[in-house]
Amino acid sequence: MAFDGFFCVAVANELNAWAGAKVEKVHQSAPSCMYLCLYREGKRANLILSVAASRPLLAITEEDIAKPKDPTPFCMLFRKHLQNGRLTSVSCVPHERIVKFSFACADELGFLREKTLYAEMMGKYSNLILVNEDGRIVGATSTADLTASVRQVMPGMPYELPAPQEKFDALTVTESDFFALLAVNRELTFDRFLVSKFFAFSPAVAREISFTASGNTETFISELNFTRAWECFSSVIARIRENDYLPSAVYNGEKGVEYAYIPLTQYSGMTVKPYQSFSRLLLSYFASKEETVNIRSYAADILKTVNNHLAREEKKMGLQKKELQDCDKRETLRKNGDLLMANLYRLKSGMTSVVVNDYETGEDLEIAMDGRLTPVQNAQNYYKKYAKMKRAAEALSEQLLLTEGKIHHLESILDAVARASELTDLEEIRRELVETGFLKSHAVANPKKKKQGLSKPLTYTTTDGMTVRVGRNNLQNDALTASAEKKDLWFHIKKFHGSHVILVTNGVEPTDRDYTEAAMLAAFHSEKKGSSNVEVDYTRVKFLRKPAGSAPGFVTYETYYSAVVDAVDPFAKGE
């Protein structure tokens, strides 16, 4: 984990520049993330305190932040104790990954009381703990009761630091002591030695020191030049003593790999980006990661909803097909009625069955009768059952079509979720679920508020200069097709779920290459992405029909052509 003890020291030193600021407001955006709105000397900023394992973040930003409308009980607790107080200092607990925020806050009688907020940056054990001046816990994002084996964290209990580790202080170790430790740990790699024997080192920084000293991140101490190792080790320690940090992060393309308070040169072929402050480093590094996490989390919620409805509809379809199959027996009921009417002269009241000759097969057939009814009434009873089953079969056929339509629609949503790359895409899919009744709509404060517009479709330009637009989801597919000109060309993968693709012609006949590239985009933005020899239908927009009441993204067409292409991006490099 890059957020090691020395990183906490560096961050605390930077945030301490805001000591004396007033806490104007407190917000909570997630269970493990708090925002303190600070004001000092005419400037306002937001102190972000996130202890989520996937997003450890202590930073100051002057940019606006999203503020939830309804505060949680935990947020209200923080407001009660910290709001209108002053941040007096920010420091790091020695040898620990804990940043300590001290506040001076007025109590109910106006007397100043000391409050302490501990941000414990410990991976999955991270926590935000608010403590009173008497050292007792007021509240915490994660609590552990008396059943916890190591450390209890509960409101009302005294705050205790984690159990101390048996390690050495890197800031005070001497050269001779360092050499002595190396000599008795020759079986370890140098990076492992630094992490296991000294406080506050992360594996990333330990590997960097090893790489600087030997050119390898996993050099064994037995192969190490002790003098060179001390030089590289002490140069990092000197930076920490002098607060001479160089915040930097490593990126593989746009994906964040690692970050630290010194440049990390161990990652060959990747980009090392320097930052002016740790706040900018963390906010930039976790911006893309946070969006990815949010997309996955948001998508998981949508997928759960869609899959539940899909399982329900598939079960319903199975029952409907069984009932429809049972209705196929209705012809036997009608024939029984016909045979009873044809043999009335042989029948008498009180009979419970009769054997007649089946005029279709020529074989004898036994027909059950109700002895309480007359022969004519028995025949009419069979006709009534036949008529009832016939009506049921017609209704079931209609319901089956509706169920199949819902399943097709839900499967298209699953495809759209799988291809979603932004939160706006998922928000529009959620909106579609609300509009189609698969998800309940939450009440809004202002019912007259205008409906939010859709995001823009993907736009491409063909090699020959024509514009191609691609829908991201069903709502956007409908809007894209509805706004297209009648002479524009519409493309869609055949018999599978995918995006609507519009080739804008402006009244000009496209080239063969335009047709091919538009068809490839339709195949690429579908559930058959990456496949070869995929069939794509295309037609003029004027031939499309949107049935009344049909699901979003559903259209019909009779006049069309088909093309066979590979489902790859025609404009991707190397294609």
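Start with the hydrophobic interior of this predicted model. The largest nonpolar core has 88 residues, and the members that touch the most others are Phe101, Phe178, Phe233 and Tyr261. Helix H6 gives the most to this core, with 8 residues. There is also a second, separate core of 22 residues, and Ile302, Leu400, Val417 and Leu439 are among its members.

If you want a feel for the big core, click on Phe101. Setting aside residues up to four places away in sequence, Phe101 touches Leu15, Leu47, Leu49, Leu87, Ser89, Val90, Lys115, Thr116, Leu117 and Ala119. Tyr261 is worth keeping in mind too, since Tyr261 is one of the residues in contact with Asp4, and we'll get to Asp4 shortly.

Next, the rings. The structure holds 32 aromatic pairs. One of them is Phe6 with Phe201, an edge-to-face pair with 5.3 Å centre to centre and 80° between the planes. This pair links distant parts of the chain: Phe6 belongs to helix H1 (residues 5-15), while Phe201 lies in the loop between helix H4 (190-197) and helix H5 (203-214), 195 residues apart. Phe6 and Phe201 are both buried.

Rings also turn up with charges over them. Arg40 places its charged end over the ring of Trp18, 5.2 Å from the ring centre. Likewise, the charged end of Lys385 sits over the ring of Tyr382, at 6.0 Å from the centre.

Now back to the start of the chain, and to Asp4, in the segment before H1. Buried or exposed? Asp4 counts as buried because its relative accessibility is 2%, and the cut-off for buried is under 20%. So what does the side chain of Asp4 reach? One partner is the backbone nitrogen of Phe6, at 3.3 Å. Another is the backbone nitrogen of Phe7, which lies 2.7 Å from a polar atom of the Asp4 side chain. Further along the sequence, and leaving out neighbours within four places, Asp4 is in contact with Arg97, Ala200, Phe201, Ser202, Val205 and Tyr261. Phe201 in that list is the ring that pairs with Phe6. For a sense of distance, Glu160 is 156 residues from Asp4 in sequence and 20 Å away in space, C-alpha to C-alpha.

Val205 takes us into H5. This helix has 12 residues and spans 16 Å from its first C-alpha to its last, close to the 16 Å expected at 1.5 Å a residue. Its buried residues are Ala204, Val205, Ala206, Glu208, Ile209, Ser210 and Ala213. What covers them includes H4, H6 (226-241) and strand E11 (255-260); H6, remember, is the helix that gives the most to the largest core. Just after H5 comes Gly215, with a positive phi of about 85°.

Glu208 stands out in that buried set as a residue with a polar partner to look up. Which side chain makes a polar contact of 3.1 Å with Glu208? That would be Gln266, found in the loop between E11 and strand E12 (271-274). Gln266 counts as buried because its relative accessibility is 13%. Apart from neighbours within four places in sequence, Gln266 is in contact with Ala204, Arg207, Glu208, Phe211 and Thr217.

Technical notes
Residues are numbered from 1 along each chain as its sequence is written. This is a predicted model: local features need pLDDT of at least 70, side-chain atom pairs count only at pLDDT 80 or more; totals for chains, interfaces and linings use all residues. Side-chain values use heavy atoms; hydrogens and water are left out. Rings of Phe, Tyr and Trp (its six-membered ring) pair if their centres lie within 6.5 Å; planes under 30 degrees apart count as stacked, over 60 as edge-to-face and the rest as tilted. Helices (H or I, at least four residues) and strands (E, at least two) are DSSP runs, numbered from the N terminus. Buried means under 20% relative accessible area, exposed over 50%, partly exposed in between (1.4 Å probe, protein chains only). A charge sits over a ring if NZ of Lys or CZ of Arg is within 6 Å of the ring centre and within 35 degrees of the ring normal. Contact means heavy atoms within 4.5 Å. A polar contact is a pair of N or O atoms within 3.5 Å; within protein, one must be able to donate a hydrogen and the other to accept it, and residues adjacent in sequence count only if both atoms are side-chain atoms. The expected span of a helix is 1.5 Å times one less than its number of residues. A nonpolar core is a set of buried Ala, Val, Leu, Ile, Met, Phe, Trp, Tyr and Cys residues joined through side-chain atoms within 4.5 Å.
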